[in-house]
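Reader: I am new to this structure. Please take me through one part of it slowly, strand by strand, and then turn to the cysteines.

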Amino acid sequence: MRHLVLPLLFATLASVTASAAMGAETRPNFLFILADDQAPNDFKFYDRTSTLDAPNIEALAARGMTFDSAYHMGSFSGAVCTPSRHMIMSGRTVWHLPPAPRGAETCPPELQLPQQTLPAVFNRAGYTTMRTCKQGNSYEAANKLFKIRRDATKRGGTDESGSAWHAEQVLDYLDQRESEQATEPFFIFLGFSHPHDTRDGTPELLAKYGATNHEDPDQPPALHPKQPPLPENYLAAHPFDMTHADVRDEVAVSGVWRRRDEATVRNEIGRQYACAENIDIQIGRVLARLEELGQLDNTYVIYTADHGMSIGRHGLMGKQNLYEHTWRVPLVVAGPGIAANTRVPGNVYLLDLLATFCDLADIDAPATNEGLSFRPVLEGNRSVVRDVLYGVYSGGDKPGIRSVRKGDWKLIEYEAPGRQVKETQLFHLADNAAELLVQHHDPATVALVESSPEAHQLNLADDPRHADKLTEMRELLLAEMRRLDDPYRFSNQPADDLPPLPARNAPPRRQRPANR
């Protein structure tokens, strides 16, 4: 690991020299938009049954590229945002992040990782970097390197306390650029605090989706015809402890708590949509201003989220699982050279963003980066950047949850000895995209969701016809765990003589407000 230090210095100097040689007028701008807690299924261009109105993000998809297989790699913490945002900023894989269990070994201080993160790299390349986002559960050592930083957690239902505040910070910066006649390229990180709970939408948008900011944990909210319908993979309870059933997101979200009844879930989805549409409105304001300034055509606009979300799907509420609705993220990219209205699988991770941004800006990615540039996908030369995708959740009992996907096949393994949990799921996503279980075939559930699953839409792990595929996927998962330095093993895997974990098995927890 220490041998990386000298190459890092040379790479940094080369990047600065190359950037200085390019005229600012030839460099693209970047508007990177990050939502907090959003499943792809929220949007009509991912799920035709969605009732969310998001005309600006839909228009962005229409003039750019939509990724059907974009993922975050996972988390070793219940605060899934934290490793996800570390990966976005650094391009490092999940077990090679500073707060990971072996972070001191896999990401030692001599790498000087903060100086190889997104803002530092673009600062050296002559960009003005600007950021607005929530505070906390992120990568502070990188965040503070943005030249302009205006962070605050805004999850209220007014312009000052909600998403409009984040948009105002960007609009103010663009006005400043205009008044100063600035010519250097910009990288704007527009992060929203919503739709993460508490999902306090504006009164107008809550009314549109038939939702209320429900505050009584002992009673469900009222059903309303304008509320979004239940998702097709809704369950009143998850069939087993997913290794962290008592995590905050599953028991203490304001407006939901432990309730999973129809009224509570539909109301909460309505609140989610109210917050999401407000984000869309604010994005529209920023895009309109860029167009007014003549900057939109030279700006890559990227929309994504730090991870997905459950909100009633599979009987879960949070982000501490590896079903597609939570492991996947929405990803839309529009900008110079990207064909309109295109769609690809991609098979990308959020940690690939840094390499891709650098590639699009003709900047050398830092030597610490482990992501893959998906510029070839954006330019229509490839449809995917990798064949195999790995996911982890180990924020509860260990080893926790692991997933691997190749083609249409997906394996999820659960193990938590302290909770007597040992479960396996095998899905063929082309036939069962919603990952329906036997519980989804229950007549009462079918009546609630008004959708009848096909007989074959089940967990196939116990089906003897797929025994060979199960063995193949388990071997593939082990190979990925080894390749990525996963520090845990399942009881059905070789122990691999892994050394004991350091005494500090997780970063110290800071006291923080419950809605971060």
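Author: What follows is a close look at one sheet, a loop beside its strands, and two cysteines. Keep in mind that the model is predicted.

Start with the sheet. It is open and has five strands, in the order β4-β12-β13-β14-β15, with mixed pairing. Its edges are β4 (74–75) and β15 (421–428), and each of these pairs on one side only. Strands of a sheet pair through backbone hydrogen bonds, either parallel or antiparallel. Now take one pair. Strand β13 covers residues 400–406, strand β14 covers residues 409–416, and the two run antiparallel over seven bridges. One bridge joins lysine 406 to tryptophan 409 in β14. A helix packs on this sheet: α15, residues 467–483. Helix α15 touches β12 (388–393), β13, β14 and β15. Its direction makes about 110° with that of β13.

Next, the loop between β12 and β13. Glycine 395 lies there. In sequence, glycine 395 and serine 75 are 320 residues apart; in space, their C-alpha atoms are 6.7 Å apart. Glycine 395 touches Ser75. Its other contacts beyond four places in sequence are Phe76, Ser77, Gly78 and His244.

Finally, the cysteines. With a disulfide taken as two cysteine sulfur atoms within 2.5 Å, the count is zero. For cysteine 275, the nearest cysteine sulfur belongs to cysteine 81, 15 Å away. Cysteine 275 has 1% relative accessibility, so it counts as buried. For cysteine 358, the nearest is that of cysteine 107, at 17 Å. Cysteine 358 has 0% relative accessibility, so it too counts as buried.

Conventions
Residues are numbered from 1 along each chain as its sequence is written. This is a predicted model: local features need pLDDT of at least 70, side-chain atom pairs count only at pLDDT 80 or more; totals for chains, interfaces and linings use all residues. Side-chain values use heavy atoms; hydrogens and water are left out. Two strands pair if DSSP finds at least two bridges between them. Helices (H or I, at least four residues) and strands (E, at least two) are DSSP runs, numbered from the N terminus. Contact means heavy atoms within 4.5 Å. Axes are lines fitted to C-alpha atoms, for helices over the stretch in contact, and angles run from 0 to 180 degrees between N-to-C directions. Buried means under 20% relative accessible area, exposed over 50%, partly exposed in between (1.4 Å probe, protein chains only).
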